[in-house]
Amino acid sequence: VHTPESYYYLGRSLWELKHFALSSQAMNQFIGLEAGRGDKASRLLPDAYYVAASALEAAGDRSGALRLLEAGLKQPLAAKSEPLLYKAGELHLHAGEKEVARKFFDQVAKNGPDPDWIRLAQQALESMDAKSAPGAAR
């Protein structure tokens with residue numbers, strides 16, 4: 001009998017081996033079993049969304065990755081997940097949606113408790129500001 005966590009650990013292992021499509025499938029199995037549980041969902045759920053979205057991105061499916069992140073950010077345990085917010089900002093930035101990206105990076109920079117994610121978000125914002133400054137090389 002498989003526990004939901006076994007899908008998570010399988011997906012994580014497959015991600016480390018760069019088997020992105022299989023990783024995404026395993027994480028989606030885990031997400032499917034856990035996402036409807038609300039506050040009772042596994043604490044691994046935010047990371048599962050992050051890995052699944054990153055796997056989709058690595059496979060070239062940025063729009064699928066964004067849809068998955070948006071679904072993840074609606075989950076009670078993942079709503080303030082710095083990795084998910086940052087990844088959403090990153091994907092929106094790559095899609096040319098700079099203002100949407102800025103909102104995600106701002107949330108991490110202003111509300112995140114983890115100094116590493118705060119620093120990454122601040123660097124992303126500074127980079128965006130430098131590129132939009134008058135006279136900046138484009």
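Buried here means under 20% relative accessible area, and the views below show a predicted model.

**View 1. An all-helix chain, seen whole.** The protein chain has seven helices and zero strands, so from the N terminus on the elements simply read α-α-α-α-α-α-α. Its radius of gyration is 16 Å, close to the 14 Å that the globule rule gives for 138 residues, so the chain is as compact as a globular protein of that length. The C-alpha trace spans about 60 × 30 × 20 Å along its principal axes.

**View 2. Inside and outside of the chain.** Buried residues account for 41% of the 138 residues. Take the contacts between residues at least 6 apart in sequence: 45% of them join residues at least 24 apart. On the outside, the protein chain exposes about 7900 Å², with carbon and sulfur atoms supplying 54% of that. As for charge, there are 17 positive and 17 negative side chains, and the centres of the two sets sit 3 Å apart.

**View 3. Helix H3 and its neighbours.** H3 covers residues 45-58; at 1.5 Å a residue its 14 residues should span 20 Å, and the end C-alpha atoms are indeed 20 Å apart. Because 11 of those 14 residues are buried, H3 is largely enclosed by the rest of the structure. Among the buried ones are Leu45, Pro46, Tyr49, Val51, Leu56 and Glu57. The buried residues of H3 pack against helices H1 (4-16), H2 (20-34), H4 (62-72) and H5 (82-94).

**View 4. The stretch just after H3.** Here glycine 60 takes a positive phi of about 95°.

Conventions:
Residues numbered from 1 in each chain as written. Predicted model: local features only at pLDDT ≥ 70, side-chain atom pairs only at ≥ 80, totals over all residues. Heavy atoms only, no water. Helix = DSSP H or I, 4+ residues; strand = E, 2+ residues; numbered from the N terminus. Rg over C-alpha atoms; globule rule 2.2 N^0.38 Å. Buried < 20%, exposed > 50% of the residue type's maximum accessible area, 1.4 Å probe, protein only. Contact = heavy atoms within 4.5 Å. Areas by Shrake-Rupley, 256 points an atom, 1.4 Å probe, with all protein chains shown as cover. Lys, Arg positive; Asp, Glu negative; His and termini not counted. Charge placed at Lys NZ, Arg CZ, Asp CG, Glu CD. Expected span 1.5 Å × (residues − 1).
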